[in-house]
Amino acid sequence: MNQVNSEKLIFLRPGFYHSVWGGTKLRTMFGYDEPGDDVGECWGISAHPKHDCVAISGSFAGMKLSELWRDHRELFGDAPGEVFPLLTKIISAQSDLSIQVHPDDDYASDHETGTLGKTECWYVLDADPGSSLIAGHNAKTRAELCEMIDNGRWDELIRHIDITPGDFIQIDPGTVHAICGGVTLLETQENSDITYRIYDYDRLVDGKLRELHLQQAKDVITVPSPDISGLVIHDDSADDVFKLISCKEYEVYRICCRDGLGVEFERPFMLMSVVDGSGAVDGCEVKKGDHFIVPYGYGLMSLTGDMKIIASCLPA
Ligand code: ZN
């Protein structure tokens, strides 16, 4: 057991967001000490200005992730980039999130100042029976898309897909999508908060309708919608380490430790979130809801206990 090595792990303090569609599962299922019955999001690994996680372990305790990225790039294998590239959240929806779409990096750099576009992916952690997600749409042409949006034909436009825990879905920029009520998932995404909202169920939030971004959405939605069923992976693999996706923005893995496991990733750094169970990393105890970064040069990692981890990194 290599207890000294585990002192290099950078554990982070998550940030929480309350929302009209939030609930209580982030507290009851994940043990986060966050009051309220409208808790929607846990930003577990984030250097975004909206929530810049503070390190709570090791020699960098007290520093923000954006500061580690700026001043200690050696921790990340000198990976390039102005801003820390990835963001990990757990999202728990009691009711439906707004239907939305994100731009790609090119559209974002032309139309939004100083931000990345947003590619994201979801690993479903918990889902009430009969739950679904929205991914894709049914318009055949851009003219038909615009007509359906302008006339509020949402039921005809949007495409629901049935999901169960263990399902993984990639949401490329331009994909109409929404998380529906009853679903808790881990989202891995580019470090961006650019969202074009197209429909919010006419809900009032603090007495007002939330802003919609219909023109931007009409610009960026991919038409026709790619067949999303090809992008859904059901994680029924018996492998201890299962690669869920590799795209140009990130790679995502599901790791299951049943009684003991050695893992080593040939990547500059890894983001890890314990999403079920508990155990230890090189003797350092971890449990469901913990988020940490494995820095450059960590080497072989020895996992013990009974737990599931979602890990992500930059692609090779
Ligand atoms: Zn999204």
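Along the chain, the residues that hold the zinc ion follow the spacing H-x17-E-x56-H, and this pattern is a convenient place to enter the structure, which is a predicted model. The pair formed by glutamate 120, in strand S9, and histidine 177, in strand S13, ties together parts that are 57 residues apart in sequence. The donor atoms themselves are NE2 of His102, two OE atoms of Glu120 and NE2 of His177, and they coordinate the zinc ion at 2.1 to 2.6 Å.

Why is the arrangement of the four donor atoms around the zinc ion irregular? The angles that these donor atoms subtend run from 51 to 124 degrees, whereas a tetrahedral arrangement would need all angles to lie between 85 and 135 degrees. As for the surroundings of two of these residues, glutamate 120 counts as buried because its relative accessibility is 2%, and histidine 177 likewise counts as buried, with a relative accessibility of 1%.

From the metal site the reader can turn to the pockets. The largest pocket has a volume of about 460 Å³, and its lining is made up of 24 residues, among which Glu41, Gln100, Asp193, Thr195 and Arg197 lie nearest the centre. Several strands take part in this lining, for strand S2 (15-23), strand S3 (39-45), strand S7 (86-93), strand S9 (120-127) and strand S13 (177-179) each supply at least two residues. The two strands that carry glutamate 120 and histidine 177, namely S9 and S13, are thus included among the contributors to the largest pocket. The largest share of the lining of this pocket nevertheless comes from S2, which gives four residues. Divided by class, the residues that line the largest pocket are eight nonpolar, seven polar and nine charged.

The second largest pocket holds about 280 Å³ of space. Which residues lie nearest the centre of the second largest pocket? They are Ala47, Pro49, Val83, Gly114 and Asn191, out of a lining of 15 residues. Two elements, strand S4 (47-48) and helix H3 (65-71), give two or more residues to the lining of the second largest pocket, and the largest share, three residues, comes from H3. The lining of the second largest pocket comprises six nonpolar, six polar and three charged residues.

Helix H3 also contains leucine 68, a residue that is buried, with a relative accessible area of 0%. Leucine 68 and valine 232 are 164 residues apart along the chain, and their C-alpha atoms are separated by 35 Å.

The cysteines remain to be considered. How many disulfides does a search of the whole structure find? The search finds zero, and two cysteines illustrate the spacing of the sulfur atoms. For cysteine 53, which is in no disulfide, the nearest cysteine sulfur belongs to cysteine 42 and is 8.0 Å away, while a disulfide would require the two sulfur atoms to be within 2.5 Å. Cysteine 53 is buried, its relative accessible area being 0%. Cysteine 247 is in no disulfide either, and the nearest cysteine sulfur to it, that of cysteine 121, is 7.0 Å away. With a relative accessibility of 15%, cysteine 247 also counts as buried, since that term applies to residues under 20% relative accessible area.

Notes. Residues are numbered from 1 along each chain as its sequence is written. This is a predicted model: local features need pLDDT of at least 70, side-chain atom pairs count only at pLDDT 80 or more; totals for chains, interfaces and linings use all residues. Side-chain values use heavy atoms; hydrogens and water are left out. On a 1 Å grid over the protein atoms alone, a cavity is a set of points where a 1.4 Å probe fits but cannot get out, and a pocket is an open set with protein on both sides within 12 Å along at least five of seven lines; lining residues have an atom within 4 Å of a point. Grid points are joined across faces, edges and corners, and a volume is the space filled by probe spheres set on the points. Ala, Val, Leu, Ile, Met, Phe, Trp, Tyr, Cys and Pro count as nonpolar, Asp, Glu, Lys and Arg as charged, and the others, Gly among them, as polar. Donors are N, O and S atoms within 2.8 Å of the metal (3.2 Å for Na, K and Ca); water is not among the atoms, so sites may look incomplete. Four donors count as tetrahedral if all angles lie between 85 and 135 degrees; four count as square planar and six as octahedral if opposite donors are over 155 degrees apart and all others between 65 and 115; anything else is irregular. Buried means under 20% relative accessible area, exposed over 50%, partly exposed in between (1.4 Å probe, protein chains only).
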